Amino acid sequence: MAANQPLHRFDEPNFQHSRWLSSAPGGEEVVISGMSGRLPDSRTIHEFRDNLFTKTEMVNGDDRRWKLDHPEVPQRSAKIRNIDQLDAGYFGVHPRQADNMDPMIRIVLETALEAIMDAGMNPSELEGSRTGVFAGACWSDMENKLLMSATEPQKFPLTGYMRSLIAHRVSYFLKLKGPACIVDTACSSSLNALDLAFRAIRSGQCDNAVVSGSNLLLHPGNTLQFFRLGVLSSEGVCRVFDQDASGYVRGETVASIFLQKAKNARRIYAQIVNTKVNCDGFKEHGITFPSTLAQKQLMTEIYDESGIYPSELSFLEAHGTGTQVGDPQEAEAIDEALAKKRDKPLLVGSVKSSIGHTEPASGVCSIIKTLIAMETGLIPPNINLKQVKAGMEGFEQGRMKVVLDLTELEGDEALVGVNNFGFGGNNCHTVLKRFKKKKVDGGVPKDDVPRLVCVSGRTEEAVLSLLNDVNSRELDAEHVGLVHHIYKKNIGNHIYRGFTIASKNGPLRTSSKFFSFQHKPLYVYFGQFENSFKLLGSYLMQFPIFKNTISRIDNILATKNVNILDTILKDQIQDDNILGAIAVQVGFVNVLKSLELLPTAVYGDSCGKIVSAYYYDVITIEETALTAYKISQKPSDFVSNVLFDGIPELNSLPKSVPKKQNRYFAKNTNLSKLELRGDFLGHETLHKVPKHSFVLNVSDQHLNDKDVLLAESNVVIQKPLDFESNVLFDGIPELTSLPKSVPKKEIGYFAKNTNLPKLELRGDFLSHETLLKVPKHSFVLNVSDQHLNDKDVLLAEGNVVMFLEVLGRYLPKSRL
């Protein structure tokens with residue numbers, strides 16, 4: 001049989017099952033979509049990458065863990081930072097429990113959450129899902145200390161050191177329903193955890209999985225025993241494949257990766273093609289002696305069963321610890337199973353030359369190094385190699401080559417093998433496939449629309465770090481989209497919020513502040529909008545929710561020979577501007593709802609009453625569109641009290657619309673009625689708006705200075721266009737008979753606020769009297785053609801007045 005031809009064992013059940021595992025249909029492939037970790041002297045994956053690329057040895061002889069002068073306990077080791085910290089309040093951990101919790105449990109909890117968010121997932125999306133947690137760990141150096149020191153009751157030591165809690169804490173905090181377990185196969189624990197997770201997803205037992213590896217050196221006892229076993233380097237240097245290799249250096253790591261099906265992933269680092277495990281069984285040299293035969297068999301079988309020729313492999317990340325026995329045995333197995341069947345040298349490396357041997361976490365370290373290579377296109381180099389150990393024929397004869405400098409990872413869909421074995425006899429091998437997606441123009445969007453990026457965090461430093469990262473990059477629509485997914489829903493206990501407006505020319509504005517969870521009241525006013533709807537509509541048309549709403553209205557009016565899209569997007573003046581204005585306002589309502597911006601009250605006068613009724617679900621979108629069409633066809637009849645009997649809902653509107661039953665208002669029986677009669681959003685109306693509110697004006701109407709001054713500390717958001725007195729739409733009974741009180745929606749914040757004053761919304765104008773009733777420090781968003789002049793703004797002390805011109809500053813010039 002030719003050297004480059006795979007073996008065939010089609011009739012063996014094991015072969016068939018492994019072939020099925022590696023042959024997932026499109027979308028069902030298991031992929032790694034997120035990663036996070038605390039690696040030696042590397043607080044983040046990016047810092048770890050930089051250390052690898054600069055050939056930094058992450059091993060040192062400091063006394064962070066213990067001070068001990070013992071000839072059999074090497075002082076040098078690879079250690080991670082800040083293992084004594086936990087945000088107990090965020091994770092809901094009792095302070096006494098946090099004080100008596102193994103740092104491995106704490107840090108796995110952190111990295112698991114970070115890996116999920118790195119995948120572009122909001123943690124709440126996984127609640128109740130079949131997401132498994134598989135963690136590799138061998139021992140806890142904290143067990144004896146916790147048992148001996150926790151002599152008082154209510155210290156919770158048992159739930160602080162049990163290794164099973166490494167996985168279960170993650171499932172508990174994130175409310176996951178998939179399997180959760182600890183895997184202990186010595187040095188191959190975390191890669192065996194990956195094997196279990198991969199098979200669980202492929203078999204349908206899980207939809208997603210967190211895979212973690214953890215190892216901390218908190219007591220010199222284990223180090224002493226490893227030295228006496230003869231596997232540690234007395235000089236404290238990990239010389240992988242080197243002639244002078246005398247053992248490995250112990251290292252720390254706590255890291256996690258997140259696995260999903262490709263069809264559900266928002267980012268993909270690599271596809272897991274296949275994984276496979278076997279065991280040495282009995283060996284004459286002893287239980288800790290590695291087996292060339294078993295490793296050779298494992299690698300031969302996994303590539304055979306996966307339908308991969310050895311010549312297709314771009315790189316192999318070896319176990320490579322630097323021991324006198326382990327390296328030669330593994331090098332021979334790689335040579336026999338793979339290198340001898342290739343036409344060109346097989347590139348080989350081991351991350352342990354840089355960080356030492358992290359034992360049960362070593363597999364996930366090798367995976368992360370491989371993902372770095374796939375993401376950057378560069379294989380990190382080995383260090384501490386001067387001369388390859390004599391007798392390793394694969395290296396000596398040129399069939400294998402150690403990567404000693406940054407080297408290109410060849411192939412857009414490069415295949416990389418990761419080998420891992422434990423000193424008890426367990427062997428594990430994983431095959432990863434590079435997911436190389438070429439970004440068009442580096443992710444820079446074709447449009448000129450800036451992106452609003454909103455984030456949250458536990459500290460202002462965290463928020464600014466996230467925003468500065470966005471600002472430091474060129475505008476990348478895919479990256480921004482990933483951030484949008486993470487923060488599209490509130491993340492519990494995130495008490496700082498911030499945003500940046502990113503553009504092709506750099507950030508336009510960045511802000512962060514403490515969030516008190518005290519929402520400001522928001523009042524929305526819809527009025528005549530014929531003069532300004534094109535500006536707002538053409539901008540919002542770039543957002544799917546708005547565009548879909550307009551398309552739906554277009555379909556509803558398909559038989560009326562009306563094209564709403566042309567009405568909004570074409571510059572020429574048309575007869576159906578009333579219809580276009582109402583359509584844009586309806587689309588804007590759906591945008592508000594999608595953003596979960598739930599107003600205290602929505603007021604409408606003139607045609608805005610139709611939009612207000614739509615917001616409160618009094619009429620459907622079909623009824624709204626047909627009513628707007630009738631008005632646009634005969635505006636003179638609209639003024640002359642023509643009855644729109646085709647919309648009975650408008651004829652029979654109750655005087656008081658019942659409040660919706662949701663979280664906030666359901667418990668608030670004292671909320672006053674919202675009066676919706678009158679011709680003006682003016683002095684009297686605004687006088688009744690609570691201080692520190694937002695008023696969103698979606699109309700052409702303006703508020704003058706004295707009105708805004710009266711709305712002390714409120715925020716008025718509008719567009720400054722010259723308002724011309726148009727025909728007052730008072731003639732339609734269906735509209736003039738709208739209920740005097742429109743119910744406030746039941747939302748989370750206002751449910752506990754029983755003192756909100758009434759918002760009187762009489763009249764056709766957003767004016768002085770109306771603004772008098774707006775509370776201080778409010779927002780007034782004016783989505784209409786009406787303007788607020790200077791004296792109105794002065795009256796709204798401390799308020800925010802947002803005009804549509806604010807949006808216009810960030811619009812492409814071609815749209816203005």
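**Lys55 and Asp41**

I looked up Lys55 first and found it partly exposed, at 37% relative accessibility. The model is a predicted one, and I keep that in mind for every entry below. Lys55 sits in the loop between helix 2 and helix 3 (88–91). I noted its phi, which is positive at about 60° although Lys55 is not a glycine.

I then turned to Asp41, another residue other than glycine with a positive phi, here near 50°. Asp41 belongs to the loop that runs between strand 1 (30–38) and helix 2 (45–53). Is Asp41 buried or exposed? Its relative accessible area is 18%, and the cut-off for buried is under 20%, so I logged Asp41 as buried.

**Ile83**

I stayed with the loop between helix 2 and helix 3, since Ile83 is also found there. Ile83 has a relative accessible area of 13% and is therefore buried. Which residues does Ile83 touch, leaving aside those up to four places away in sequence? I listed Arg65, Pro103, Arg106, Ile107, Leu216 and Leu218. For one of these contacts, Arg106, I took the C-alpha to C-alpha distance to Ile83: 8.5 Å in space, at 23 residues apart in sequence.

**Cysteines**

I searched for disulfides and the count came to 0. I checked Cys138 in particular: the nearest cysteine sulfur belongs to Cys187 and is 6.7 Å away. A disulfide needs the two sulfur atoms within 2.5 Å, so Cys138 is in no disulfide. Cys138 is buried, with a relative accessible area of 6%. Cys279, by contrast, is exposed, with a relative accessible area of 52%.

**Strand 6 and its partners**

I looked at strand 6 (residues 270–279) next. It has 10 residues and 8 of them are buried, so the strand is largely enclosed by the rest of the structure. Which way does strand 6 pair with strand 1, parallel or antiparallel? The pairing is antiparallel, over 2 bridges. Within it, Val31 has Gln271 of strand 6 as its bridge partner.

Strand 6 also pairs with strand 13 (residues 426–434), in the antiparallel sense and over 9 bridges. I recorded one bridge of this pairing, in which Asn278 is partnered by Asn427 in strand 13.

**Helix 16**

I compared the length of helix 16 (residues 460–472) with expectation. At 1.5 Å a residue its 13 residues should span 18 Å, and the end C-alpha atoms are 18 Å apart, so the two agree. Which residues of helix 16 are buried? They are Val463, Leu467 and Val470. Seen down the helix axis, these buried residues fall within an arc of 50°, so they line one face of helix 16. The general reason is that an α-helix has 3.6 residues a turn, so residues three or four places apart point the same way. On the other side of helix 16 I found Glu461 and Ser472 exposed.

I then asked what covers the buried residues of helix 16. The cover includes strand 14 (451–457), helix 17 (477–486), strand 15 (496–503) and strand 16 (506–514).

**Strands 14 and 15**

Two of the covering elements got a separate look. Strand 14 is mostly covered, with 5 of its 7 residues buried. It pairs with strand 15 in the antiparallel sense, over 7 bridges. In strand 15, Tyr496 stands opposite Gly457.

**Helix 21**

I gave helix 21 (residues 577–594) the same length check. Its 18 residues reach 26 Å from the first C-alpha to the last, close to the 26 Å expected at 1.5 Å a residue. I counted 16 of the 18 residues of helix 21 as buried, so this helix is largely enclosed by the rest of the structure. Just after helix 21, Glu596 takes a positive phi of about 55°.

**Whole chain**

I closed with totals. The protein chain holds 31 helices and 22 strands. It has 816 residues, and 58% of them count as buried. About 33,700 Å² of the chain is exposed, and carbon and sulfur atoms supply 50% of that area. How much of the contact set with a separation of 6 or more comes from residues 24 or more positions apart? I noted 81%.

How values were computed
Residues are numbered from 1 along each chain as its sequence is written. This is a predicted model: local features need pLDDT of at least 70, side-chain atom pairs count only at pLDDT 80 or more; totals for chains, interfaces and linings use all residues. Side-chain values use heavy atoms; hydrogens and water are left out. Buried means under 20% relative accessible area, exposed over 50%, partly exposed in between (1.4 Å probe, protein chains only). Helices (H or I, at least four residues) and strands (E, at least two) are DSSP runs, numbered from the N terminus. The expected span of a helix is 1.5 Å times one less than its number of residues. The arc is that of the directions from the helix axis to the C-beta atoms. Contact means heavy atoms within 4.5 Å. Accessible areas come from the Shrake-Rupley method with a 1.4 Å probe; for residues, only the protein chains shown count as cover. Two strands pair if DSSP finds at least two bridges between them.
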